[in-house]
Amino acid sequence: MEAKSKKEFKKICEYAVHYEFCYCYLCGLPILDGQKWNLDHVKPASKGGKTTPENLRPVHYNCNQAKADLSLTQFRAIQELKERHK
Ligand SMILES: [Zn+2]
């Protein structure tokens, strides 16, 4: 599927989420129907990342909030530490 705009991509994603094919780019868990989610820039917009489907990944709203300004590497390192302390 190809999306020409963020709106179109979101539509595709909503469709995918409905069928549970959409996975959170940050935590790797599926984004289920009814869960709040966002589109995250793989390369941050502040660093020249474009708002294209290739640079956007669906993420849980909560994961997106937790990530904030961290890089993906930093975020994953924190997630790993949390896992180990369960
Ligand atoms: Zn997530």
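## Val 59 and its surroundings

Let's start with the contacts of Val 59 in this predicted model. Setting aside neighbours within four places in sequence, Val 59 is in contact with Cys 24, Tyr 25, Leu 26, Trp 37, Asn 38, Asp 40 and Asn 64. Val 59 itself belongs to strand E2.

How many other C-beta atoms lie within 10 Å of Val 59? There are 22 of them, and because the cut-off for a buried residue is 20 or more, Val 59 counts as buried. Tyr 23 is also worth a look: 36 residues separate Tyr 23 and Val 59 along the chain, yet their C-alpha atoms are 7.4 Å apart.

## Strand E2 and its partner

Val 59 sits in a strand with plenty of cover. Of the 5 residues of E2, 4 are buried, so this strand is largely enclosed by the rest of the structure.

Strand E1, residues 37–41, pairs with E2 in the antiparallel sense, and 5 bridges link the two. If you would like one bridge to display, Leu 39 has Pro 58 in E2 as its bridge partner.

## The nonpolar core

Val 59 also belongs to the largest nonpolar core, which has 10 residues in all. The other members are Phe 9, Cys 13, Cys 22, Cys 24, Leu 26, Ile 31, Trp 37, Leu 56 and Cys 63. Helix H1 (6–18) and strand E2 (56–60) each contribute at least two residues to this core.

As background, nonpolar side chains in soluble globular proteins tend to be buried together.

## Helix H3

Which helix is hardly covered? That is H3, where the count of buried residues among its 13 residues is 0.

The geometry of H3 makes a handy check. H3 covers residues 72–84, and at 1.5 Å a residue its 13 residues should span 18 Å. The C-alpha atoms at the two ends are 18 Å apart, so the model agrees with the expected value.

## The whole chain

Stepping back, the protein has 3 helices and 2 strands, and they follow the pattern α-β-β-α-α along the sequence. Of its 86 residues, 16% count as buried. For contacts between residues at least 6 apart in sequence, 43% join residues at least 24 apart.

## Confidence

The average pLDDT of the protein is 79, and 86% of the residues score at least 70. Where is confidence lowest, and where is it highest? Confidence is lowest in H1, with a mean of 69, and highest in helix H2 (residues 61–67), at 89.

Key:
Residues are numbered from 1 along each chain as its sequence is written. This is a predicted model: local features need pLDDT of at least 70, side-chain atom pairs count only at pLDDT 80 or more; totals for chains, interfaces and linings use all residues. A nonpolar core is a set of buried Ala, Val, Leu, Ile, Met, Phe, Trp, Tyr and Cys residues joined through C-beta atoms within 7 Å. A residue is buried if 20 or more other C-beta atoms lie within 10 Å of its own, exposed if 12 or fewer, and partly exposed in between; C-beta atoms are placed from the backbone. The expected span of a helix is 1.5 Å times one less than its number of residues. Two strands pair if DSSP finds at least two bridges between them. Two residues are in contact if their C-beta atoms, placed from the backbone, lie within 7 Å. pLDDT is the predictor's confidence in each residue, from 0 to 100.
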